[in-house]
Amino acid sequence: MRNAKTVLTAIAMAVATLGAVAPGFTQKMLASYPTLTTDAALRAAQAALAQCQKQGYTVAVAVTDRGGQPLALLRDNLAGPHTSLTAINKAYTAVSFRTDTTELAATTQAGKPASGVRQLPQVVAVGGGLMVRAKGSLVGAIAVSGAPNGDADDACAKAGIAAINDAIELE
């Protein structure tokens, strides 16, 4: 009987301890993180598209949230049919690998250890996809497709980030 009482006492103490800890677990099971809003995404996409049009480029611009899901997509009327999906996938790639796609293109070239990354679905390892950060956190990505080269795509995407940067840093 003494062993049974000892075991029951130990179980009661364990249950009481778990009960006291349980509310803490509930609070820590929810994440709270910053991400772009649809309004911010649209403003960035419009600025990037305007910059490209000013340069005479017909492009598509995609802006995603921090999970790589599209929030805004704009395509110039004359942009090629491939540009929309390419822009979405460039932005997805930037958030997935937490790096700008120009850098990813350099580190995943044929013969390099990470070259297999290019075979993953939706990965587009060419310039034009940039991470969007606010207060040190990744909050989304913007990508441009259709300018003459990755550097030109990057320049337009940077114009999109510049259009919202002050607003998202101040929030």
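Strand 3 and strand 4 form a hairpin with two residues between them, and in its turn Lys-135 has a positive phi of about 50°. This hairpin belongs to a predicted model, and it offers a convenient entry into the sheet. Six bridges join strand 3, made of residues 129-134, to strand 4, and the two run antiparallel; within this pairing, Arg-133 stands opposite Leu-138 of strand 4.

From the hairpin one can move across to the other partner of strand 4. Strand 1, residues 60-65, is likewise joined to strand 4 by six bridges, again in an antiparallel arrangement. Along this pairing Ala-62 stands opposite Ala-143, while Val-63 has Ile-142 as its bridge partner. Strands of a sheet pair through backbone hydrogen bonds, either parallel or antiparallel. Taken as a whole, the sheet here is open and consists of four strands in the order 2-1-4-3, with antiparallel pairing. Its edges are strand 2, spanning 70-75, and strand 3, each of which pairs on one side only. Averaged over the sheet and with direction ignored, neighbouring strands are turned by 15° against each other.

Two helices can now be placed against this sheet. Helix 3 packs on the sheet and touches strand 1, strand 2, strand 3 and strand 4, its direction making about 150° with that of strand 4. Helix 2, residues 38-54, lies across strand 1, strand 2 and strand 4, and runs at about 25° to strand 2. As for strand 4 itself, residues 137-145, it is mostly covered, eight of its nine residues being buried.

How is the interior of the model populated? The largest nonpolar core has 25 residues, and those with the most contacts inside it are Leu-36, Val-61, Val-63, Val-132, Ile-142 and Val-144. At least two residues of this core come from each of helix 2, strand 1, strand 3, strand 4 and helix 5, and helix 2 gives the most, with seven residues. Leu-36 illustrates how widely such contacts can reach along the chain: leaving aside neighbours within four places in sequence, Leu-36 is in contact with Val-63, Thr-64, Leu-71, Val-132, Val-139, Gly-140, Ile-164 and Ile-168.

A second, separate core has seven residues, among them Ala-91, Val-95, Met-131 and Leu-138. Val-95 is found in helix 3, residues 83-97, and is buried, since its relative accessible area is 2%, under the 20% cut-off. Not counting residues up to four places away in sequence, Val-95 touches Thr-64, Asp-65, Arg-66, Gly-67, Gly-68, Leu-138, Gly-140 and Ala-141. The C-alpha atoms of Val-95 and Val-132 are separated by 8.6 Å, although these residues are 37 apart along the chain.

At the last residue position of strand 4, the description turns to polar side chains. Ser-145 lies in strand 4 and is buried, with a relative accessible area of 4%. Beyond the residues up to four places away in sequence, Ser-145 touches Val-59, Ala-60, Thr-83, Thr-86, Ala-87, Lys-90 and Asp-153. What do Lys-90 and Asp-153 form with each other? They form a salt bridge, in which the closest N and O atoms are 2.9 Å apart, and a search of the whole structure finds one such salt bridge. The pair links distant parts of the chain, with Lys-90 in helix 3 and Asp-153 in helix 5, 63 residues apart. Both ends of the salt bridge are covered: Lys-90 is buried, with a relative accessible area of 3%, and Asp-153 also counts as buried, at 3% relative accessibility.

Helix 5 takes part in a covalent link as well. A disulfide is a covalent bond between the sulfur atoms of two cysteines. The count for this model comes to one disulfide, formed by Cys-52 and Cys-156, whose sulfur atoms are 2.1 Å apart. The link of Cys-52 and Cys-156 is right-handed, with 120° about the S-S bond. Because Cys-52 lies in helix 2 and Cys-156 in helix 5, residues 150-170, the pair ties together parts that are 104 residues apart in sequence. Here too the partners are covered, Cys-52 being buried with a relative accessible area of 0% and Cys-156 being buried with a relative accessible area of 1%.

Definitions and conventions:
Residues are numbered from 1 along each chain as its sequence is written. This is a predicted model: local features need pLDDT of at least 70, side-chain atom pairs count only at pLDDT 80 or more; totals for chains, interfaces and linings use all residues. Side-chain values use heavy atoms; hydrogens and water are left out. Buried means under 20% relative accessible area, exposed over 50%, partly exposed in between (1.4 Å probe, protein chains only). Two strands pair if DSSP finds at least two bridges between them. Contact means heavy atoms within 4.5 Å. Axes are lines fitted to C-alpha atoms, for helices over the stretch in contact, and angles run from 0 to 180 degrees between N-to-C directions. A disulfide is a pair of cysteine sulfur atoms within 2.5 Å. A salt bridge is a side-chain nitrogen of Lys or Arg within 4 Å of a carboxyl oxygen of Asp or Glu. A nonpolar core is a set of buried Ala, Val, Leu, Ile, Met, Phe, Trp, Tyr and Cys residues joined through side-chain atoms within 4.5 Å.
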